[in-house]
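Visitor: I would like a close look at one part of this protein. Please take the aromatic rings and go through them step by step.

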Amino acid sequence: MFTTTGSRGLYKAPLSKGLLLVLNCLTVMLTLLPQYQELFVYTLQVTQHQVWRLLFGRLICLDVKDAFCSSLLIYNFRIFERRFGTRKFASFLFGTWVLSALMDFLLAQAFQFLFDYEVEELPAGLIAPVFSLFVPFYRLIPSMPVTQVLGHIHITNKSLVYIVGLQLLTSGPFMWLVALSGLISGGLYHSNFLWMQKLLFVPAWVSCIGRYILEPLFSTSQPSSETPVGMGATLDIQRQQRMDILDQQLMLAQYNESTRNTRPQPQPQPGFLQWTRLFPSLRQRGPNRPPMQPRPQAEAPPSTQSPLLDNSPVAEEQVALLVEMGFTRTDALEALRASNNDINMATNFLLQH
C-alpha cells in the first residue's frame, strides 16, 4: 500500500473525475490533430488578441507524458476533495491557478534578469495547480513506513506520489519553473497569506450550478459488496474487505506505537491492538484454512457485520468533529469504534477509504 487514497476509486470526487476525463480527452484530440496544437501553446509573450492562451494553455496538456503523470497525481490527490468537499477543493485549484499565473511571469522575469535568457514558452496544462497540491499532501497526510530497499532506503505510503511528481518535474526544460510556481502558490494559498482564501474562491452560486448540472454527469456510485453476483461471491467480497481493513488498521497501529514509544503504554485492551490474538487464523485464507473453534462465551457475529465493529462507547464530540470534516456519521462511528476512540487514527482510516 504505497498511497493513502484508499480503494473506492473516484467515489465522492466528481471534480477530480471531471478533470481526468475532460482534460485527457482534449489532450488526445490535440494529439490526433496536431495542426491545432499551436492554438494551445502556453506562451508568456501574448498580445491583446491572444489573452485566451493564458486560459487554454494552462489547462490542456500538449504532451501525453505530462498528461499521464498529472492524471496520476490528480487521482491520488482526490483525497482532499473527499475530506474538504468539492467546493473547497475547487477553490484551492482556482486560487493556485490564478496565483501561479502571476508566479510564472515573476519567475520568468527573474530568470531573465539573472541569466540573461528570455523564457517564451512554458509547459502547457494544469501543471502548477497539481504541484501546489503537494503542499497539503506533505503537511496533512501522515507518512507511514511500508518497506525498505537494500536495508537503508525507506519506502513509505507517499513514496510513489513523490516519484511521479519527480518524473513530471524532469519531463521538460522549464518544468521546474512551473513546479516552483505551483509550490509557492500552494504554500501561499494553504497558509491563507494575505487572506487569499477569502479573495480567490469559487462562489456559492457557481458551486450550486455545478452541483445540479455537472455533478450528476461525473458522480460515481458508492461501491458496495451487496451486488447480486451470488451469495458465495458476496461473502468472499465481504471477507476480503474485512481482511484488507484489518491489514490497514494493524499497519496504522504499528506506526502510532513507534511514534509514541516515549510515552507510558496503557494496559492492553481487547479490540484494535489484539486482533492477531482474537483472530489467529485471519492470515490463513482460502479453503485450506483450519476450522475455527466456537467461542462459548459469545455467539459468532453475523456474516454481514464487520468484526471491526463493537459496542464500545464513542465520544459524540469526536463524531461531530469527523462529520464537520465531511465524513458521514455512519463512517465516523465505524472509524472511531475500529480505532478504539482514537480521533487521529480514525481520521487516517477515513482518508484511506
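Is Phe-92 buried or exposed?

Guide: Keep in mind that this model is predicted. Phe-92 is buried, because its relative accessible area is 10% and the cut-off for buried is under 20%.

Now look at the partner of Phe-92. Phe-80 and Phe-84 come first, as a simpler case. Both residues lie in helix 4, which covers residues 78-84. They sit four residues apart, about one turn of the helix. Their relative accessibilities differ in class. Phe-80 has 3%, so it counts as buried. Phe-84 has 37%, so it counts as partly exposed.

Back to Phe-92. This residue forms an aromatic pair with Tyr-189. The ring centres lie 5.5 Å apart. The planes stand at 85° to each other, and the pair is edge-to-face. Phe-92 belongs to helix 5 (residues 86-115) and Tyr-189 to helix 9, so the pair ties together parts that are 97 residues apart in sequence. Tyr-189 is buried too, because its relative accessibility is 4%.

The model has 15 aromatic pairs in total. Phe-80 and Phe-84 make one of them: their ring centres lie 6.3 Å apart and their planes meet at 5°, so this pair is stacked. The cut-off for stacked is under 30 degrees, and for edge-to-face it is over 60.

Some rings gather into a group. One aromatic cluster is formed by Phe-77, Phe-80, Phe-84, Phe-131, Phe-134, Phe-137 and Tyr-162. Phe-80 and Phe-84 are therefore members of this cluster.

Charged side chains also meet rings. Lys-158 lies over the face of Phe-137, at 4.9 Å from the ring centre. Phe-137 is one of the cluster members. Arg-78 lies over the face of Tyr-75, at 3.9 Å from the ring centre.

Follow helix 9 to its end. Helix 9 covers residues 175-190. A loop then leads to helix 10, residues 196-199. Asn-192 lies in that loop. Its phi is near 55°, a positive value in a residue other than glycine. Asn-192 counts as partly exposed, because its relative accessibility is 26%. Trp-195 is in the loop between helix 9 and helix 10 as well. This residue is not a glycine either, yet its phi is positive, about 55°. Trp-195 has a relative accessible area of 57%, so it is exposed.

Tyr-189 also falls inside a recorded span. An unreviewed UniProt entry lists residues 161-189 as a "transmembrane region". That span is 83% helix and 0% strand. Its end C-alpha atoms lie 21 Å apart. The entry lists residues 18-36 under the same name. There the end C-alpha atoms lie 23 Å apart, with 79% helix and 0% strand.

Last, a look at the empty space. The model has three cavities of 30 Å³ or more. The largest holds about 80 Å³. Its lining has 13 residues, and those nearest the centre are Leu-23, Asn-24, Cys-61, Ser-70 and Ser-71. Helix 1 (14-32) and helix 3 (64-76) each give two or more residues to this lining. Helix 1 gives the most, with five. By class, nine lining residues are nonpolar, four are polar and none is charged.

Note on methods. Residues are numbered from 1 along each chain as its sequence is written. This is a predicted model: local features need pLDDT of at least 70, side-chain atom pairs count only at pLDDT 80 or more; totals for chains, interfaces and linings use all residues. Side-chain values use heavy atoms; hydrogens and water are left out. UniProt positions are given in the numbering used here, feature names are shortened, and annotations may be inferred rather than shown by experiment. Buried means under 20% relative accessible area, exposed over 50%, partly exposed in between (1.4 Å probe, protein chains only). Rings of Phe, Tyr and Trp (its six-membered ring) pair if their centres lie within 6.5 Å; planes under 30 degrees apart count as stacked, over 60 as edge-to-face and the rest as tilted. A charge sits over a ring if NZ of Lys or CZ of Arg is within 6 Å of the ring centre and within 35 degrees of the ring normal. On a 1 Å grid over the protein atoms alone, a cavity is a set of points where a 1.4 Å probe fits but cannot get out, and a pocket is an open set with protein on both sides within 12 Å along at least five of seven lines; lining residues have an atom within 4 Å of a point. Grid points are joined across faces, edges and corners, and a volume is the space filled by probe spheres set on the points. Ala, Val, Leu, Ile, Met, Phe, Trp, Tyr, Cys and Pro count as nonpolar, Asp, Glu, Lys and Arg as charged, and the others, Gly among them, as polar.
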